[in-house]
Every structure is written in C-alpha cells, then in structure tokens.
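User: Please take a close look at one part of this model, the salt bridges, and describe the setting of each pair. A short account of helix packing and backbone geometry may follow.

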Amino acid sequence: MALLTPEDLEDLLNKLNMNNNIIKEATGMDIAQMCEAVYGTTPSSQKVGIVPITSGNGIIGNFSASLLAITEYFGLEGFITEHPDITGYHQAVAGGADIILMADDHIFIAHNLRNGKIATNHVCTGVIYSEIASRYKHTDSKDVLVIGLGRVGYAGASHLVEKGFNVYACDPNTDFMNKAIEELGVKAYDVDKPRKFSMVFEATPNANTISEGMIAERCLVSTPGIPCALPDELVEKYDIDLVMEPLVIGVAAMLYSVF
Ligand SMILES: N[C@@H](CCCCNC(=O)[C@H]1CCC=N1)C(=O)O
Ligand SMILES: [Mg+2]
C-alpha cells in the first residue's frame with residue numbers, strides 16, 4: 001500500500017476546499033452532505049483523540065496535524081496525544097476521547113469508544129470516492145468504471161454494486177479481477193472493446209491509469225490519487241471534473257461512519 005508522505009499532506013485544507021467545490025458542482029452535494037447520505041449520521045460534538053503510532057515506517061510528518069485539521073473542519077474538538085503508541089492511547093482515553101484515530105502502516109482506524117463502531121480508512125475511502133463518482137449529475141447512465149481492485153477499489157466496487165450500478169472494472173492482477181467478478185458480479189472492462197464512461201472511480205498506486213478510450217467527452221473522475229490517474233493531455237482535451245485528494249475525504253467518511 002502506498003504510504004503518504006509529508007509532501008502529500010501539504011496545503012491540505014486548500015485542497016479540501018477546492019475538491020469540495022468540484023464535488024458540489026458535479027454532484028449537487030458537498031462532502032459533509034455526501035457522508036451524511038452514505039452513513040445516515042451527523043457530527044454531534046464528539047471529542048476526537050489522535051494517537052501517533054511509531055511502528056513500521058514510523059510517524060509521518062503532518063499526518064496527525066492533518067487529522068486534527070480535518071476533525072476541526074467538521075466542527076469537532078480534537079487533540080493529538082503528547083506521547084505515541086500505548087502511552088498515547090492511554091492519554092487519549094484518559095483525556096475523554098469519544099473517537100480514537102490512529103494508523104500503523106497497514107490499517108488506519110476510527111474507533112468510537114461510546115457506541116463501539118469501528119471503521120478503516122481503506123474501506124471508507126473506497127466507499128466515499130465511489131459514491132462521489134456515482135452521483136455525477138451530468139449523466140443519466142448507470143455505468144461506472146472502477147480502475148483498481150485492491151483494498152480501496154474493491155470496497156468501492158462493492159458499494160456501487162450494492163447501490164445497483166452497472167460496474168465495469170479493470171485490474172492487471174487477475175486474482176483481484178476474478179475475485180471481484182465472482183464475489184461482486186462486476187463486468188471486466190475490455191480494453192479491446194472500449195466503452196466511454198461518464199463516471200470513473202480510480203484507486204491504484206500508479207499514474208496515468210485512465211486512457212482516452214475509457215472516458216466520455218464530459219465525465220467525473222473520482223480518486224484518492226497518489227499519483228494522479230489522468231494524463232495531463234486528457235485533462236486539457238476533455239471536460240473532466242477531477243475529484244482527487246489524498247486523505248481528508250477518506251477521513252471524513254471514517255468519522256461519519258462511526259458517529
Ligand atoms: N503511523 C503513522 C501514520 C501511518 C499512516 C500510513 N498509512 C497511509 O499512509 C495510508 C492512509 C491513507 C493513505 N495511505 C503516524 O502515526 O504518523
Ligand atoms: Mg491512485
């Protein structure tokens with residue numbers, strides 16, 4: 001899984017506001033409304049404890065600070081514990097946190113200590129970005145293209161199938177592809193028989209995974225990015241609404257999913 005870098009997290013709130021405007025324009029809803037629609041919840045002044053974790057590659061600069069910024073963006077009180085790891089976890093609980101946010105290199109969780117709900121970043125990221133793609137208002141198609149069937153892509157494809165969309169998917173990993181066909185009933189996107197989609201959800205660690213044959217003249221591409229799935233020439237040539245932000249939108253979904 002691609003680990004965030006401090007550079008990915010620079011200028012986070014500007015990126016959030018920019019993407020929120022694109023989401024509003026393309027779907028008629030902002031990110032808070034979208035999260036509320038998906039999870040049926042709203043914030044109610046929960047206190048969020050953010051615990052830095054030193055395992056694996058260790059603490060990522062700006063990561064905890066980004067989580068605090070996101071928490072406050074949604075009107076919640078947040079705090080970063082002075083210590084990491086177990087000592088930090090103890091400080092978060094003793095400090096009255098209702099929700100704990102913490103991540104090692106494999107799993108990033110939100111855990112609500114009051115109602116027991118727990119969420120992961122990879123599932124919530126897949127769900128919210130695929131939801132954004134599916135709500136594109138400039139189409140009446142039910143076809144959505146999902147590029148990438150790893151932990152994030154699979155969660156998004158599953159969400160779209162549940163919502164009744166026609167999901168076409170592609171992933172170079174045939175095991176991932178077969179699993180999604182068998183378990184979700186997605187159709188394999190056939191590069192030899194290109195179809196042009198107005199709604200695309202991409203979740204891969206590679207650049208330029210979207211080719212010209214895949215997209216309609218006017219389309220919405222929704223992706224956590226890192227790197228960008230769209231080649232520059234396509235962005236110039238077509239009228240593409242691109243929703244691409246590496247962390248905040250996924251964390252917003254995590255919080256709403258445990259309220
Ligand atoms: N242990 C570190 C955080 C490690 C987060 C690694 N996970 C990712 O980078 C995932 C989360 C969203 C996108 N990639 C710390 O507490 O500072
Ligand atoms: Mg990507």
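Analyst: The salt bridges are treated here, followed by a helix pair and the backbone.

This is a predicted model, in which local features need pLDDT of at least 70 and side-chain atom pairs count only at pLDDT 80 or more, whereas totals for chains, interfaces and linings use all residues. Residues are numbered from 1 along each chain as its sequence is written, chains are lettered from A and ligands numbered from 1 in the order in which they are written, and side-chain values use heavy atoms, with hydrogens and water left out.

Side chains of opposite charge can pair when their charged atoms come close. The structure holds eight salt bridges, each defined as a side-chain nitrogen of Lys or Arg within 4 Å of a carboxyl oxygen of Asp or Glu. One of them joins R114 to D98, with the closest N and O atoms 2.7 Å apart. R114 belongs to the loop between β4 (108-112) and β5 (118-120), and D98 to the loop between α4 (85-94) and β3 (99-103), so this pair ties together parts that are 16 residues apart in sequence. Helices (H or I, at least four residues) and strands (E, at least two) are DSSP runs, numbered from the N terminus. R114 counts as exposed, at 55% relative accessibility, while D98 is buried, with a relative accessible area of 17%. In these terms buried means under 20% relative accessible area, exposed over 50%, and partly exposed in between, with a 1.4 Å probe and protein chains only.

A second salt bridge is formed by the side chains of K179 and E183, at 3.4 Å from N to O. Both residues lie in helix α7 (residues 174-184), and because they are four residues apart they are separated by about one helical turn. K179 is partly exposed, with a relative accessible area of 37%.

R218 also forms a salt bridge, with D239, and here the closest N and O atoms are 3.2 Å apart. This pair links distant parts of the chain, since R218 is in strand β10 (residues 215-223) and D239 in strand β11 (residues 239-244), 21 residues apart. Both partners count as partly exposed, R218 at 37% relative accessibility and D239 at 40%. Salt bridges that share partners also join E131, R135 and K163 into one network.

E131 appears again in the contact between two helices, where residues of α5 including V123, V127 and E131 meet residues of α6 including R151, V152 and L160; contact means heavy atoms within 4.5 Å. By class, this contact has five nonpolar, seven polar and two charged residues. Helix α5 (residues 121-134) and helix α6 (residues 151-162) pack at an angle of about 50°, with their axes 7 Å apart. The two helices are therefore oblique to each other, the class left for angles that are not under 35 degrees (roughly parallel), over 145 (roughly antiparallel) or 65 to 115 (roughly perpendicular).

As to the backbone, most residues other than glycine have a negative phi, and most peptide bonds are trans. The peptide bond from I226 to P227 is cis, with omega near -5°. I226 also has a positive phi, near 55°; this residue is found in the loop between β10 and α8 and counts as partly exposed at 28% relative accessibility. D11, in the segment before α1 (12-27), likewise has a positive phi, near 60°.

Conventions:
Axes are lines fitted to C-alpha atoms, for helices over the stretch in contact, and angles run from 0 to 180 degrees between N-to-C directions. Ala, Val, Leu, Ile, Met, Phe, Trp, Tyr, Cys and Pro count as nonpolar, Asp, Glu, Lys and Arg as charged, and the others, Gly among them, as polar.
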